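Got a few minutes for some structure-reading practice? Have a look at the model below, then work through the exercises in order.

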Amino acid sequence: MPPRPDLPPHPLPADKDLVLKVIPMPADVNANGDIFGGWVMAQVDLAGSVLPSRIGQRMVTVAVNEFIFKQPVRVGDILSFYSSVRRVGRTSVTVDVEVYAERFHDQGRFVKVTEALLTYVAIDSEGKPQALPENAQIMAWRQAIQRNAEAAAPTR
Ligand SMILES: CC(C)(COP(=O)(O)OP(=O)(O)OC[C@H]1O[C@@H](n2cnc3c(N)ncnc32)[C@H](O)[C@@H]1OP(=O)(O)O)[C@@H](O)C(=O)NCCC(=O)NCCS
């Protein structure tokens with residue numbers, strides 16, 4: 001896919017955590033010379049697992065609910081992965097991941113290249129879903145989700 005110079009640089013999200021930074025290498029390219037989408041998906045899965053891992057239980061990826069490749073990724077891009085918790089269920093946590101690229105020759109200017117929504121499930125020693133603990137981390141996420149929902153609700 002050709003680059004889109006018509007798109008403005010994207011501001012970095014202030015309401016998400018920086019969970020991963022990585023630079024793709026020549027071994028990660030596809031036949032077009034851009035970075036292989038499967039490599040990007042693997043990095044997004046790793047990045048998405050960072051916040052759920054703070055619960056302190058064994059977590060597995062159950063679903064990639066949404067995945068959008070908005071712009072190509074190139075060798076040498078400095079990729080920054082930002083994440084936030086979107087939903088806390090009984091046994092699962094859903095997070096979003098946004099990926100921003102600083103082009104090798106244009107550092108300091110960030111372009112959003114990928115966005116995704118992924119769900120992770122807490123499992124027990126037999127691999128069965130396990131209820132999340134009601135600990136301080138879970139309560140903080142629930143409160144943040146509630147605040148965001150109230151802020152997004154239309155006012156009368
Ligand atoms: C994850 C796993 C233990 C879930 O088992 P299950 O019997 O399907 O679990 P359930 O139907 O009870 O669902 C468990 C949770 O996952 C959620 N879930 C299941 N499928 C989902 C989907 N497609 N999208 C979003 N959430 C989903 C459920 O809503 C539930 O969340 P909640 O308790 O917070 O409401 C099982 O599917 C599994 O082992 N999958 C393989 C995981 C893995 O190997 N991942 C790496 C892939 S390479």
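A residue counts as buried if 20 or more other C-beta atoms lie within 10 Å of its own, with C-beta atoms placed from the backbone. Keep in mind that this is a predicted model.

**Exercise 1. Get the overall picture: what share of the protein is buried, and how are its elements ordered?**

Start with burial: 26% of the 156 residues pass that cut-off. Next, take the extent of the C-alpha trace, which spans about 50 × 45 × 20 Å along its principal axes. Then list the elements: you should find 2 helices and 5 strands, arranged β-α-β-β-β-β-α from the N terminus on. Finally, check the contacts with a separation of 6 or more: 72% of them join residues 24 or more positions apart.

**Exercise 2. Work out the strand order of the sheet, and say which strands stand at the edges.**

Follow the pairings across the sheet and you get β1-β3-β4-β5-β2, an open sheet of 5 strands with antiparallel pairing. β1 (17–22) and β2 sit at the edges with a single partner strand each, so one side of each has no neighbour in the sheet. On average, neighbouring strands here are turned by 25 degrees against each other, direction ignored.

Now zoom in on one pair. β4 (residues 92–102) and β5 run antiparallel and are joined by 11 bridges. In this pairing, serine 92 faces valine 121 of β5.

**Exercise 3. Which strands does helix α1 lie across, and at what angle does it run to β1?**

Locate α1 at residues 37–53. The helix lies across β1, β2, β3 (78–88), β4 and β5. Its direction is at about 145 degrees to β1.

**Exercise 4. Describe the shell around the ligand: how many residues surround it, and which are the closest?**

Count first: 14 residues surround the ligand, and the closest are Ala63, Gly89, Arg90, Thr91 and Ser92. Sort the shell by character and you get 6 nonpolar, 7 polar and 1 charged. Then map the shell onto the strands: β2 (59–69) and β5 (110–122) each supply at least two residues. The largest share, 5 residues, comes from β2, a strand that stands at an edge of the sheet.

**Exercise 5. Where does UniProt place the HotDog ACOT-type domain, and what is the chain made of there?**

An unreviewed UniProt entry puts "domain: HotDog ACOT-type" at residues 14–126. Over that stretch, the chain is 15% helix and 46% strand. To finish, compare the two ends: their C-alpha atoms are 38 Å apart.

Terms used: Residues are numbered from 1 along each chain as its sequence is written. This is a predicted model: local features need pLDDT of at least 70, side-chain atom pairs count only at pLDDT 80 or more; totals for chains, interfaces and linings use all residues. UniProt positions are given in the numbering used here, feature names are shortened, and annotations may be inferred rather than shown by experiment. Helices (H or I, at least four residues) and strands (E, at least two) are DSSP runs, numbered from the N terminus. A residue is near a molecule or strand if its C-beta atom, placed from the backbone, lies within 6 Å of it. Ala, Val, Leu, Ile, Met, Phe, Trp, Tyr, Cys and Pro count as nonpolar, Asp, Glu, Lys and Arg as charged, and the others, Gly among them, as polar. Two strands pair if DSSP finds at least two bridges between them. Axes are lines fitted to C-alpha atoms, for helices over the stretch in contact, and angles run from 0 to 180 degrees between N-to-C directions. Two residues are in contact if their C-beta atoms, placed from the backbone, lie within 7 Å. A residue is buried if 20 or more other C-beta atoms lie within 10 Å of its own, exposed if 12 or fewer, and partly exposed in between; C-beta atoms are placed from the backbone.
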